[in-house]
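Welcome! Please take a moment to look over the sequence and the 3D view before reading on.

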Amino acid sequence: MNLVRSSSTEQISPLNTLASGFNQRLINLPNLHQIINYSPLIINPDSFVIDAINLMNQEQENSIIANDQIRETNDYALIVEEKQLQGIFTLKDVLRVIALGINLSEVKISQVMTQPPITLKHSVSEHILTAFSLFEEYFIQHLPIVDDEEMLIGIVSKKRLIQSLDLEAIVGVTEALQEHFTSSETEHKPINQELEVIRWQAYNYLQRWLEKQVAYSVGIKDILQETLEELQIVEEELRQQNEQLIFSRDTTEAERQRYQNLFEFAPNGYLVTDALGVIQEANHTAASLLCVPKQYLIGKPLVIFIAEQYRPECVSRLLKLQHIDEWEMCFQPRKGSPFPGNVRVNILFDSEGNRTGCIWSIFDISDRKQIEIALREDSDVLEKRVAERTAELVVANARLQQEIMERQKMQESLEESEERLSLAMEAGNTGIWDWHIQSNKTLWSHNMGPMYGLPSHTQCPNIEDFLSLIYPEDREYFRERVNYAIQERAIFNCQHRVVWRDGSIHWLSATGKVYYDETGKPKRMIGTTKDISERKLIEQQIYEQAALLDIATDGIFVRDFQAQILFWNQGAYRMYGWLREEVLGKNIRDIFYHSISCEQEIVALNTVVKSGIWQGELHKQTKSGQEIIVQSRWTLMLDGDDQPKSILTVDTDITEKKQLEEQFLRAQRLESIGTLAGGIAHDINNILTPILGSAQFLKGRFGKDKDHHQQMLTIIENNAKQGAALVRQLLSFARGVEGKYITLQVNDLIRDIIQLAQQTFSKSIKFYTHLHPKLSTVSGDKTQLHQVLMNLVVNAADAMPNGGDLSIATGNLYLDEEMTRINCNARVGNYIVISVTDTGMGMPPQVLERIFEPFFTTKDIGQGTGLGLSTVLGIIQSHKGFIDVASQVDRGSKFQIFLPSVLQEVPPLEPENHDLFQGTGELILIVDDEMQICEVTKTILENYNYQTLTAKNGMEAIALYAQHQEQIKVVLMDMMMPEMDGTAAIRVLKKNQSPSPNNCL
């Protein structure tokens, strides 16, 4: 006999001998193989405990049905893997697992089985007494039988072994032996010595076995009763677990059916394909989109339903797809027209991570595509409207953003739960109270006590004690607000002070609502109270700051993005004449621009929204209609969420300053003209000499030489044009029009300067220009930049009294951060560079350091004011530019001007057309105090079939215009005349003109 927990062969040998003796002489005992169960209950080690119990119950029922005589209970299970016995699981193990509280459906049998098991090798012994002794020795109920290779053969149970014995025969033999051996009168003469040995051994063994059986039978009843009760408990638990499993199975089936319905009736088309793209499943929507029955789709490649031009892209995406991807492509249904679809694809993997297929979601986006086309068609129209109404759209956009924010806040507040509201109330130091008016009982939240200087969680006092907590001067006001809310059915609002126990005063804001019963009587008031002491302190600070703002001389006001004025200080009243009450809530266009354009604010508004600040000059009107110039500084104001809320504007009246600057610049221009006067006189003399010579030629003795008439007239016309152009340049430079920034091309200004300088400067000065053919434009004042170039050219000419070279060059330049460190006035960006270089006497370092100081000059007294270069510096800095100067004595000087460039083009100038059009009898009024000019103009016009009227001053022109207003089509007016100049006369004519259009030139 061989055991897992082995007993020696020597111990088993006497039992074999005893069993052989029984069989030969006394009792015929059954063989071991006759009681072996060759079909034991077997289960895999990876099975769960609940599976083993169910299998044991099932086998028990089958055993009872198959062999009603034995009724053997299958209260065990052998754990076998590849015919090798791993362990045994019995009813005792079931009770042990249940006592430990382990979930039977989650723990595996291999974790709780008994191992190693007690086994008996079949080749060692075939006697049942050998098995019987092992049952007694190891207190077991089941004994697995294995072969020499430890392969499972079957199993013997203790109960089956006892049932196979003939107990009556064994007891009879035992009693007979006992009488035989205990009888003192009987003499035994052993006939056979071997038989005697067997009898004594059987007697002794059966005596011991019977004693054990009697003791065992006494206790077995109690054990069986206890086991029966435990089995009933286990059976009930198993029944409950089975019910839970059945419920779980039904629930799972219901969920599966629900998800199947969701898949089938989903609004999107869903397809499941294998790894090769063959459709395995499809829902109703997918079949409808592809215009085929659902069963038709099964087994078809999905690619046949994709438009041909999209198939390569689809295949490429699937090859690169790792998880989830989404794109748009066109589908080709079996019947019907192609349609655009939105596709979302997710890869399916098996448990080993291998790709098994894809799930497809398809959505028809035809309507969306049509809407996109319609939107594109409307886009052009919208862009035109945007260009025309930029200012209105900016305001509308701000209003829309504010409305969206308000709607989002409303949506968020609707979604807040009661718990979050409670947390928000506590975080905001806000308490909730409830007053039952009819019963006069009050309740409040636990955080209300500290607001009134009481400990936290203090119960709400009665009405009398509550009123005593309010500041004495505010109690009557509090009662009035409560009574007003009840009587008028209004919302209760009251800001009042409370006195804490330490004597400190705090501000509270209470808000509530009254509820009424069916009879209209008030039954309760519910509301909130918030500590606003900090807000009151801030309001006091703001009030004090506002008082300081009122002292300021600058005009300070705040406007929102709807152009409504929110704040207005006393400085703004003194500057513009409007009282605070007159402007609050009004649109700025009605206040500052009631008769002038407000388009100048568009750039400022765009800049302040992007960068947060802007400063510049604006033209505005006061309440009296006077136009003033202000230096305006704008700052963007943000709310608590860092969103644009309003714009703070600080205006400084610089009207007088600008007038003084204009006078100063005009003086500078006149000084430059004085410098040019000698050259101008020489050029005019050169222009008039050919004119006089030609006129004398026509009047003299050569007058009859008609062959030279046309040549002489051409000379007179050309020289007259040169003289007129020279005078026009001087007038334009002398008068100037400051304050208007336009986009201009500096190369054009330089050409005008060079033309004027070549006519007026000494012929010993040679001019050179190197103008960039694609020079960027700048935004600036044309007159001021003209004056800058003229001053630099005049200074260069003065530095070369004996002649030299004067060169002007232009170019484009981008300044990076490294270059801006060299000059503190430079900023990163695109610039144009104007270089004015001369070969004059140059300047020593001590002079170079002071050239931009006002009134500093190296010229003799009466030859210069010392304001030329200081004026140049001021103009360039006002244009956000800077100047660089280099000079060496006897080597010349080089001035470089850097101006920020803009990405705009200047429209090309149209060539002047001096051809006169043939008239059809139109009446033209000619007004000039020079009779010769009137006569010449009249003759020319009448030769071109026009009718004319002439007047020698403005008064006479007004009188003639009043008489012939309907017939006069054009008025030619001299601007400088005695008595009434041209400007005043034109103003009067425009006031008196009829609705029909007339032109006054």
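The report below starts with the chain as a whole and then visits a few places within the chain.

## The chain as a whole

A good thing to know from the start is that this is a predicted model. The secondary structure of the chain consists of 33 helices and 32 strands. Of the 1001 residues in the chain, 37% are buried.

The outside of the chain can be described too: its accessible surface is about 60300 Å², and carbon and sulfur atoms account for 53% of that area. Contacts also tell us something about how the chain folds back on itself. Taking those between residues at least 6 apart in sequence, 59% join residues at least 24 apart.

## A stop at Leu152

Let us turn to one strand residue. Leu152 belongs to strand 6, which covers residues 152–157. Leaving aside residues up to four places away in sequence, Leu152 touches Pro40, Ile42, Leu78, Val80, Lys83, Pro144, Ile145 and Val146.

Tyr38 gives another view of this spot. Although Leu152 and Tyr38 are 114 residues apart along the chain, their C-alpha atoms are separated by 9.2 Å.

## The cysteines

How many disulfides does a search of the whole structure find? The result is zero. Cys314, for instance, is in no disulfide: the nearest cysteine sulfur is that of Cys358, 9.3 Å away. A disulfide would need the two sulfur atoms to be within 2.5 Å.

Is Cys314 buried or exposed? Its relative accessible area is 4%, so Cys314 is buried. Cys330 has a relative accessibility of 13% and therefore counts as buried as well. The cut-off behind both calls is a relative accessible area under 20%.

## Helix 23 and its two sides

Helix 23 is made of 12 residues, 600–611. At 1.5 Å a residue the helix should span 16 Å, and its end C-alpha atoms are 18 Å apart, which agrees.

Which residues of helix 23 are buried? They are Glu601, Ala604, Leu605 and Val608. Seen down the axis of helix 23, the buried residues fall within an arc of 100 degrees, so they line one face of the helix. A general rule helps here: an α-helix has 3.6 residues a turn, so residues three or four places apart point the same way. On the other side of helix 23, Val603 and Lys610 are exposed. Just after the helix comes Gly612, with a positive phi of about 95 degrees.

Definitions and conventions:
Residues are numbered from 1 along each chain as its sequence is written. This is a predicted model: local features need pLDDT of at least 70, side-chain atom pairs count only at pLDDT 80 or more; totals for chains, interfaces and linings use all residues. Side-chain values use heavy atoms; hydrogens and water are left out. Helices (H or I, at least four residues) and strands (E, at least two) are DSSP runs, numbered from the N terminus. Contact means heavy atoms within 4.5 Å. Buried means under 20% relative accessible area, exposed over 50%, partly exposed in between (1.4 Å probe, protein chains only). The expected span of a helix is 1.5 Å times one less than its number of residues. The arc is that of the directions from the helix axis to the C-beta atoms. Accessible areas come from the Shrake-Rupley method with a 1.4 Å probe; for residues, only the protein chains shown count as cover.
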